[in-house]
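Student: Could you take me through one part of this model in close detail, and then place that part within the chain as a whole?

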Amino acid sequence: MGEATQATGTTHATHATDMTDVTDAPRTAVVLAGYGPVGRAFVDRLARDGDTLARRHRVRPRVAAVRASTAQGRPGADGTMPPRSEWGPLRPLDETFDRTGARVFVQAVPSSPELRERAAREAVTALRRGVHVVTATKSHLLTHWRELDAAARTGGSMIRISGATGAALPAGDLARTSLRGLDCRTIRACPNGTATFVLDRLAEGDTLDDAIRAARLKGIAEADPSADLSGEDAATKVRLLAALAWGWDPAEVRVRAQPVDGSTAGRALEAASRSLRLRAVAGASVAEPGIVRVRLEETEPGDPLHALNGPEKAVVFGCPDAGDVIVSGGRSSPVGAALALVRDTVEVAAPRAGFR
């Protein structure tokens, strides 16, 4: 009887949620910076899923303007963007906020040194105005963390970075709020799907070049996978998770990393012969403040990092008394990153009361 009662209750709750009048959901204007694969996927998701978001979360985010490097445009009535040839000149960000009444500023620009200062400047502008910032861009988070936090406090706004800490993997949400009071002491992660995929292919006998080629064909690896295989990307994500969990300043964190390179193939094969899996594990500990290490580790069956397949990712938050808190999965793709931006946009814009 217990199972039947539980199933019935679940059905009723879902039905009630689906019956929410979508016309009651407030519209939230969003300004998007960056219109590459992630930005386009974000616009498409909001256009496609507007009614669903309104029913489930009582908010309907809508893209009011999209800003690229030299131009900006606005979606049509159906939420889709016109061709670039129909966009207008890039306007000052403050003016764009004034014209759109935006409550959320979403950043999907590349995490490059060349764009770092602009990304930081625009995020600070938004936060000081009280406009929430949702970002998948990592570069300015690593160098301007304290400045961004101060700007958010000044404007009474929020900044959310799920897209920068693992795409669809909700590790950032755990680090930011769900670990409070659990005395998390360590972070141990495989947050880079390319490295995990390549190591598994090496364990099957591929050369490094063949493994990288296969990762590119599957859309897992970038054209230049050096940041993935050097450990830089994994270290970046753990630096950000440690900042959320423990208040570290990412700019002050030192990184020590072992790369995946031509000499790694033999180690991957040898580990596989003993039913082990070689993993590029990024870690941080409160016992070593300000240090993130990326090591090539042999993982055993039963280890959450051993169980990963292909481009899957996982983070293990070590909490001595509460027990390990583990999150795994999350697609490494433009769609996965775009969904993280959607999630964070809903989180900062949706009304909160009761269980919500």
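Tutor: A polar contact here is a pair of N or O atoms within 3.5 Å, where, within protein, one atom must be able to donate a hydrogen and the other to accept it. In this predicted model, the side chain of Gln107 makes such a polar contact with the side chain of Thr135, at 3.3 Å. Gln107 belongs to strand S5, which covers residues 104-107, and with a relative accessibility of 1% Gln107 counts as buried, because buried means under 20% relative accessible area. Once its neighbours within four places in sequence are set aside, Gln107 is in contact with Thr135 and with a further set of residues, including Val133, Val134, Ala136, Thr137 and His140, as well as Ala33, Ala119, Glu122, Ala123 and Leu341.

From Gln107 we can turn to the aromatic rings. The count of aromatic pairs comes to three, and one of them joins Tyr35 and Trp87, whose ring centres lie 5.5 Å apart with 55° between the planes, a tilted arrangement. Tyr35 sits in the loop between strand S1 (27-33) and helix H2 (37-57), whereas Trp87 sits in the loop between strand S3 (71-73) and strand S4 (88-89), so the pair ties together parts that are 52 residues apart in sequence. Both Tyr35 and Trp87 are buried. A tilted pair is also formed by Trp246 and Trp248, because their ring centres are 5.2 Å apart and their planes stand at 50°; Trp248 is itself buried, at a relative accessible area of 12%.

The rings of Tyr35 and Trp87 each have an arginine over the face: Arg40 lies over Tyr35, at 6.0 Å from the ring centre, and Arg84 lies over Trp87, at 4.7 Å from the ring centre.

As for the chain as a whole, it holds 13 helices and 13 strands, and its radius of gyration is 21 Å, which agrees with the value near 21 Å that a compact globule of 356 residues would have. The C-alpha atoms fill a box of roughly 60 × 60 × 40 Å along the principal axes. Buried residues, a group to which Gln107 belongs, make up 49% of the 356 residues. Of the contacts between residues at least 6 apart in sequence, 73% join residues at least 24 apart. Finally, the accessible surface of the chain comes to about 16800 Å², and carbon and sulfur atoms account for 50% of it.

Key:
Residues numbered from 1 in each chain as written. Predicted model: local features only at pLDDT ≥ 70, side-chain atom pairs only at ≥ 80, totals over all residues. Heavy atoms only, no water. Phe/Tyr/Trp six-rings, centres within 6.5 Å; stacked < 30°, edge-to-face > 60°. Helix = DSSP H or I, 4+ residues; strand = E, 2+ residues; numbered from the N terminus. Buried < 20%, exposed > 50% of the residue type's maximum accessible area, 1.4 Å probe, protein only. Lys NZ or Arg CZ within 6 Å of the ring centre and 35° of its normal. Contact = heavy atoms within 4.5 Å. Rg over C-alpha atoms; globule rule 2.2 N^0.38 Å. Areas by Shrake-Rupley, 256 points an atom, 1.4 Å probe, with all protein chains shown as cover.
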